[in-house]
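Here are a few exercises to work through with the structure open beside you. Try each task before reading its solution.

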Amino acid sequence: MTSKPPRARVSDAPLPEEADAGESAGDKLARKRDYLDGFLSEQPAAEDPNGPGGALYEGVILALKEIFDPEIPVNIYDLGLIYGVDVTEDSAVTVTMTLTTPHCPVAESMPGEVELRVAAVPGVREAEVNLVWDPPWDMAKMSDEAKLELGML
């Protein structure tokens with residue numbers, strides 16, 4: 001039968017002054033300074049202008065937030081009708097969206113309006129809108145701002 005390894009005990013851990021006994025205050029300061037120099041000299045990753053957070057992508061989102069559903073006083077982005085915004089490297093934008101119901105009175109005009117507004121964003125080369133019905137829209141897709149606006153929070 002093998003014996004169990006000894007358990008670590010708090011009393012076995014060196015006290016802070018014992019752990020630092022071999023290191024002078026100057027050595028400790030040099031170690032900390034070296035860490036900070038490396039941390040502060042690191043450059044942030046290059047931002048993708050066409051991805052989330054990029055100027056073109058955010059411009060498209062702002063344009064979508066200016067389009068309101070005629071029956072509900074909330075913009076289509078916060079309403080959860082926008083399922084995706086894809087911006088290619090050559091600045092072509094594809095918006096995937098739905099409507100609240102297939103029988104929505106603006107089913108024919110809303111995708112065209114979205115396409116026109118997105119195409120008008122500075123820097124967008126072309127815009128395309130894909131209208132999808134799957135997954136179907138439901139109220140859970142609404143942002144908290146939209147729920148608050150509609151008195152649902």
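## Exercise 1: A buried acid

In this predicted model, a polar atom of the Asp69 side chain lies 3.3 Å from the backbone nitrogen of Ile72. Find where Asp69 sits, and work out what surrounds its side chain.

**Solution**

Step 1. Start with the place in the chain: Asp69 belongs to the loop between α3 (55-64) and β1.

Step 2. Now look for a charged partner. Asp69 is buried yet has no salt bridge, and Arg117, the nearest side chain of opposite charge, is 13 Å away. A salt bridge needs the nitrogen and the carboxyl oxygen within 4 Å.

Step 3. Turn to the backbone instead. The Asp69 side chain reaches the backbone nitrogen of Glu71 at 2.8 Å, and the contact to the backbone nitrogen of Ile72 is the 3.3 Å one from the task.

Step 4. Finally, list the neighbours. Leaving aside residues within four places in sequence, Asp69 is in contact with Val74, Ile76, Leu79, Leu81, Thr100 and Met110.

## Exercise 2: Charged pairs

How many salt bridges does a search of the whole structure find? Locate each pair and decide which residues are joined into one network.

**Solution**

Step 1. The search finds three salt bridges.

Step 2. Take Arg125 and Asp90, whose closest N and O atoms are 2.7 Å apart. This pair links distant parts of the chain, 35 residues apart: Arg125 is in the loop between α4 (110-119) and β3 (126-131), while Asp90 is in the loop between β1 (82-87) and β2 (92-97). Arg125 is partly exposed at 48% relative accessible area, and Asp90 is also partly exposed, at 44%.

Step 3. Next comes Glu126, which forms a salt bridge with Arg125 at a closest N to O distance of 3.2 Å. Glu126 has 42% relative accessibility and counts as partly exposed. Salt bridges that share partners thus join Asp90, Arg125 and Glu126 into one network.

Step 4. The remaining pair is Arg117 with Glu113, where the closest N and O atoms are 3.3 Å apart. Both residues lie in helix α4, four residues apart, or about one turn of the helix. Arg117 is partly exposed at 32%, and Glu113 is partly exposed at 30%.

## Exercise 3: A nonpolar patch

Which residues make the nonpolar surface patch of about 260 Å²? Then check the place and exposure of Leu150.

**Solution**

Step 1. The patch is made by Met139, Leu150 and Met152.

Step 2. Leu150 lies in the segment after α5 (144-149).

Step 3. To be part of a patch, a residue needs over 30% relative accessible area. Leu150 has 32% and is partly exposed.

## Exercise 4: Partners across the chain

What is in contact with Asn130, leaving aside its neighbours within four places in sequence? Begin with the element that holds Asn130.

**Solution**

Step 1. Asn130 lies in strand β3, and its relative accessibility of 29% counts as partly exposed.

Step 2. Follow the backbone to Thr96. The two C-alpha atoms are separated by 4.7 Å, although Asn130 and Thr96 are 34 residues apart along the chain.

Step 3. Complete the list with the contacts: Asn130 is in contact with Thr94, Val95, Thr96 and Met97.

Key. Residues are numbered from 1 along each chain as its sequence is written. This is a predicted model: local features need pLDDT of at least 70, side-chain atom pairs count only at pLDDT 80 or more; totals for chains, interfaces and linings use all residues. Side-chain values use heavy atoms; hydrogens and water are left out. Helices (H or I, at least four residues) and strands (E, at least two) are DSSP runs, numbered from the N terminus. Buried means under 20% relative accessible area, exposed over 50%, partly exposed in between (1.4 Å probe, protein chains only). Patches are made of residues with over 30% relative accessible area and no salt bridge: like charges are joined within 9 Å, nonpolar side chains (Val, Leu, Ile, Met, Phe, Trp, Tyr) within 5 Å. Accessible areas come from the Shrake-Rupley method with a 1.4 Å probe; for residues, only the protein chains shown count as cover. Lys and Arg count as positive and Asp and Glu as negative; His and the chain ends are not counted. A polar contact is a pair of N or O atoms within 3.5 Å; within protein, one must be able to donate a hydrogen and the other to accept it, and residues adjacent in sequence count only if both atoms are side-chain atoms. Contact means heavy atoms within 4.5 Å.
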